[in-house]
Amino acid sequence: MMEDGESKKIYFSIKEVASRLGEKESTLRFWESEFPDVIAPRRNEHGVRFYTEEDIEAIQLIRNMIRNNGLTLEGVRKKLNNNRDAAVRQAKITAKLNEIKAELKDLAEVFDEAEKMYHSAMRETD
């Protein structure tokens with residue numbers, strides 16, 4: 001998905017993708033070698049990788065299953081082989097729930113700070 005202000009690039013370098021996902025470039029190369037049927041970026045004549053949004057989504061799928069669902073590489077393979085569509089849906093749902101959880105934590109912190117300010121202001125008026 002495009003962020004506000006993000007250019008409509010078609011291809012991204014491995015460095016850009018790693019930075020965007022918070023992963024090391026070596027991790028992306030490793031996952032590519034483990035899941036060549038899922039992650040297959042284009043390469044130029046010098047072997048430099050060029051990732052599309054589709055490639056990034058595939059990496060996010062693998063990343064979510066490993067990082068958020070705690071699956072092993074073999075577990076990811078089995079899940080993809082059994083029902084890839086269901087795995088994609090589940091990964092998207094998990095990612096969205098994690099996003100919502102982070103937003104709720106942020107809101108809780110804001111409310112806690114507002115409550116502290118309120119109680120501080122009430123003590124000053126006493």
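This tour visits two helix pairs and one buried residue in a predicted model. Residues are numbered from 1 along each chain as its sequence is written. Local features need pLDDT of at least 70, side-chain atom pairs count only at pLDDT 80 or more, totals for chains, interfaces and linings use all residues, and side-chain values use heavy atoms, with hydrogens and water left out.

Select residues 14-21, helix H1, and residues 25-34, helix H2. Helices here are DSSP runs (H or I, at least four residues), numbered from the N terminus. The two axes come within 9 Å and cross at roughly 100°; axes are lines fitted to C-alpha atoms over the stretch in contact, with angles from 0 to 180 degrees between N-to-C directions. H1 is therefore roughly perpendicular to H2 (65 to 115 degrees). Show Ile 14, Lys 15, Val 17 and Ala 18 of H1 with Glu 25, Leu 28 and Arg 29 of H2, which make the contact (heavy atoms within 4.5 Å).

Next, select Asp 55 in helix H3, residues 53-68. Asp 55 is buried, at 6% relative accessibility (buried means under 20% relative accessible area, 1.4 Å probe, protein chains only). Leaving out residues up to four places away in sequence, Asp 55 touches Ala 40, Pro 41, Arg 42 and Phe 50.

Finally, keep H3 and add helix H4, residues 73-125. Their axes come within 8 Å and cross at roughly 85°, so H3 and H4 are roughly perpendicular to each other. On the H3 side, the contact residues include Leu 61, Ile 62 and Met 65; among those of H4 are Leu 80, Ala 87 and Val 88.

Notes. Helix = DSSP H or I, 4+ residues; strand = E, 2+ residues; numbered from the N terminus. Parallel < 35°, antiparallel > 145°, perpendicular 65-115°, else oblique. Buried < 20%, exposed > 50% of the residue type's maximum accessible area, 1.4 Å probe, protein only.
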